[in-house]
Amino acid sequence: MTKALIVIDVQNDFCPGGALAVPGGDEIVPRINAMIDGFDAVVLTQDWHPAGHGSFASTHPGSDPYQTMEMAYGPQILWPDHCVQGSPGAAFHPGLRTDGDLILRKGFRRDIDSYSAFFENDRSTPTGLDGYLRSRDLTDLTLVGLATDFCVHYSAVDAARLGYSVGVDMTACRAIDMDGSLDSALASMRDAGVRI
Ligand code: VGL
Ligand code: ZN
């Protein structure tokens, strides 16, 4: 069994001062840096949207951030513009160690969002991460990062569904927590067999 650390979306826009700031998002950086050397492999993900992305409220005139909109692939929460490709907000937090093995970008298709590091929000278009991990025989995953209730949650549930042994280290995650989203994410991760 080989162990991989999956660091989800520790980017400036998800840290205090960013466009979609997660409370305390920057607090996890020293903790993640200290964890890195304990793993056989480290993968970092980056939310990586084109300008005018379909998940941005600004793309849909008359809509507001944090409302839900029906998309071809199902309901989608609309967000403030964030993690636009190449922008300072899309960069990793400057204190984060980025000497990992793979940087995986997701959410780069205009018409579909991707919370999970494994599948886009239609829950079926793969990002390629499963193939990477499988071909390196990385079977035991620890997930950390931002945000617990969105990208960490969807990534953990998909990883469990794909047959990995999955844990989420809550000391190195922070949540957006809107309308009870953290509690429901924790319940759905536990149901999927994720160790919290
Ligand atoms: C995320 C909302 C929109 C996340 C990404 O990384 O949890 N949340 N895009
Ligand atoms: Zn996003």
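Read from the N terminus to the C terminus, the elements of this chain run β-α-β-β-β-β-α-β-α-β-α, an arrangement of four helices and seven strands. The model is a predicted one. For its 196 residues, a compact globule would be expected to have a radius of gyration near 16 Å, and the chain agrees with that expectation because its own value is 16 Å.

**Overall form and surface**

- Along its principal axes, the C-alpha trace extends over about 50 × 30 × 30 Å, and 55% of the 196 residues count as buried.
- Among contacts with a separation of 6 or more, 72% are made by residues that stand 24 or more positions apart in the chain.
- The exposed surface of the chain comes to about 8,200 Å², of which carbon and sulfur atoms supply 52%.
- Negative side chains number 26 and positive ones 14, with the centres of the two sets lying 6 Å apart.

**The largest nonpolar core**

- The largest nonpolar core holds 59 residues, and within it Phe118, Leu133 and Leu141 touch the most other members.
- At least two residues of this core come from each of β1 (2-8), α1 (29-35), β2 (41-47), α2 (129-135), β6 (138-146), α3 (148-161), β7 (165-174) and α4 (181-191), and the largest share, seven residues, is supplied by α3.
- Leu141, with neighbours within four places in sequence set aside, is in contact with Ala4, Ile6, Phe118, Leu133, Ala159, Tyr164, Ser165, Val166, Gly167 and Arg195.
- Thr142, a residue of strand β6, has a relative accessible area of 16% and therefore counts as buried, the cut-off being under 20%.
- Beyond the residues up to four places away in sequence, Thr142 touches Ala4, Leu5, Ile6, Met35, Phe39, Gly167 and Asp169.

**Helix α3 and its cover**

- Helix α3 is mostly covered, since 12 of its 14 residues are buried; among them are Phe150, Cys151, Val152, His153 and Asp158.
- The elements that cover the buried residues of α3 include β1, β4 (74-77), β5 (102-106), β6, β7 and α4.
- Thr148 belongs to α3 and is buried, with a relative accessible area of 2%.
- The contacts of Thr148, leaving aside neighbours within four places in sequence, are with His153, Met170, Cys173, Arg174, Ala175, Leu182, Ala185 and Met189.
- Thr148 and Ala172 are separated by 24 residues in sequence, while their C-alpha atoms are 9.4 Å apart in space.

**Backbone geometry worth inspecting**

- Most residues other than glycine have a negative phi, and most peptide bonds are trans.
- Leu146 and Ala147 are joined by a cis peptide bond with omega of about -15 degrees, and Ala147 is placed in the loop between β6 and α3.
- Asp137, in the loop between α2 and β6, has a positive phi near 60 degrees although the residue is not a glycine.
- Asp179 likewise has a positive phi, near 50 degrees, in a residue other than glycine; this residue is located in the loop between β7 and α4.
- With a relative accessible area of 78%, Asp179 is exposed.
- Gly163, which follows α3, has a positive phi near 100 degrees.

Definitions and conventions
Residues are numbered from 1 along each chain as its sequence is written. Chains are lettered from A and ligands numbered from 1 in the order in which they are written. This is a predicted model: local features need pLDDT of at least 70, side-chain atom pairs count only at pLDDT 80 or more; totals for chains, interfaces and linings use all residues. Side-chain values use heavy atoms; hydrogens and water are left out. The radius of gyration is taken over C-alpha atoms; the globule rule is 2.2 Å times the number of residues to the power 0.38. Buried means under 20% relative accessible area, exposed over 50%, partly exposed in between (1.4 Å probe, protein chains only). Contact means heavy atoms within 4.5 Å. Accessible areas come from the Shrake-Rupley method with a 1.4 Å probe; for residues, only the protein chains shown count as cover. Lys and Arg count as positive and Asp and Glu as negative; His and the chain ends are not counted. The place of a charge is taken as NZ of Lys, CZ of Arg, CG of Asp or CD of Glu. A nonpolar core is a set of buried Ala, Val, Leu, Ile, Met, Phe, Trp, Tyr and Cys residues joined through side-chain atoms within 4.5 Å.
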